[in-house]
Amino acid sequence: MSKVVIVTGGARGIGAAISMLAAARGYAVCVNYQSNTAAAEEVVAEITASGGRAVAIKADVSKADDVARLFEESEQALGKVTALVNNAGITGRISRLDETDVETMQQTLDINVMGVMLCSREAVLRMSDKHGGAGGAIVSISSGAATLGSPGEFVWYAASKGAVDSFTLGLSKEVTGEGIRVNAVSPGLTETELHASGGEPGRVARLESVVPMGRAAAPEEIAQATMWLLSDEASYVSGAILRCAGGR
Ligand code: NAP
């Protein structure tokens, strides 16, 4: 059976690195994105130029209708989905809780938590042998923030990733017996545009010294951990939350 992966937020940062590595490992890749069409088209062009198969599909993972359409269009373009990477995520603007508006907190939970649950639900409906599927694997990109708490930066974001961890544990127990392995990767500080989007482009430089390894991760290092969990090399791994945080 050919391997098909949907990577949410697969056009930039960690998601783009996962899309590229998945293609190199023989997956047909559905590169989901929310707004940056140019970035998505660039990733698809790079994959197809290297002889791979990819399609870019715009969909907001926090909206159930968009998510259903994402899976339908992906299946039409690439065939049955065998893997899902829940990567799309936001932090909201860096600040204390009492300086944060309700909309930022709500949007973060909608994308980081509802997005993961909606996409995983669609994947289970298609992959579970209970529904006639042939099995598969789900990896969600959590964050070391889930256990650090991120005080003074984005406690609502840390809470959203704590929810991703709980969801990963529960769903793995629910569907592993139906042929679906469910795991998470918890990255630490990683060099992407996420920090600038949160209002602090210099955040990586400010925090590198608190990482035992003394540096941020390259997105490709998070992609390696993710692809291992999706691969047959992790055939007995389900319900794991793999910290990939340079010792932090
Ligand atoms: P990034 O460079 O800011 O990229 C975020 C991606 O998510 C973009 O491709 C964006 O799409 C997409 N996205 C945002 N909202 C979306 C929505 N509603 N629907 C679909 N796609 C959406 O971030 P990153 O650093 O690569 O982060 C990727 C994941 O790693 C996130 O879950 C993040 O929480 C986690 N993480 C990051 C770090 C870090 O230090 N960077 C550390 C721990 C965990 P558009 O391009 O179309 O806007």
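Student: Angles under 35 degrees count as roughly parallel, over 145 as roughly antiparallel, 65 to 115 as roughly perpendicular and the rest as oblique. Which of these fits H4 and H6?

Tutor: H4 and H6 are roughly parallel to each other, because their axes (lines fitted to C-alpha atoms over the stretch in contact, with angles from 0 to 180 degrees between N-to-C directions) cross at roughly 15°. The axes come within 9 Å. H4 covers residues 102-127 and H6 covers 155-175; helices (H or I, at least four residues) and strands (E, at least two) are DSSP runs, numbered from the N terminus.

Student: Before we go on, where does all this come from?

Tutor: This is a predicted model, where local features need pLDDT of at least 70 and side-chain atom pairs count only at pLDDT 80 or more, while totals for chains, interfaces and linings use all residues. Residues are numbered from 1 along each chain as its sequence is written, and side-chain values use heavy atoms, leaving out hydrogens and water.

Student: Cool. Which residues of H4 meet H6?

Tutor: Among them are Thr104, Met105, Leu109, Val116 and Val124 of H4. Their partners in H6 include Trp156, Tyr157, Phe167, Leu171 and Val175. Contact here means heavy atoms within 4.5 Å.

Student: And how do H1 and H9 pack?

Tutor: H1 (residues 13-24) and H9 (residues 219-230) pack at an angle of about 55°, and their axes are 8 Å apart. H1 and H9 are therefore oblique to each other. In H1, the contact involves Gly13, Ile14, Ala17, Ile18, Leu21 and Ala22. H9 contributes Pro219, Glu220, Ile222, Ala223, Gln224, Thr226 and Met227.

Student: Switching to strands. How many residues of S2 are buried?

Tutor: Six of the six residues of S2 (28-33) are buried, so S2 is largely enclosed by the rest of the structure. Buried means under 20% relative accessible area, exposed over 50%, partly exposed in between (1.4 Å probe, protein chains only).

Student: Which residues sit on each side of S2?

Tutor: Ala28, Cys30 and Asn32 are on one side, with Val29, Val31 and Tyr33 on the other. Both faces are covered.

Student: What joins S1 to S2?

Tutor: Four bridges do, and S1 (residues 4-7) and S2 run parallel. Ile6 stands opposite Cys30 in S2.

Student: Last one: what is the phi of Ser150?

Tutor: Ser150 has a positive phi of about 55°, although Ser150 is not a glycine. Most residues other than glycine have a negative phi. You'll find Ser150 in the loop between H5 (145-148) and H6.

Student: Is Ser150 buried or exposed?

Tutor: Ser150 is buried, with a relative accessible area of 9%.

Note on methods
Two strands pair if DSSP finds at least two bridges between them.
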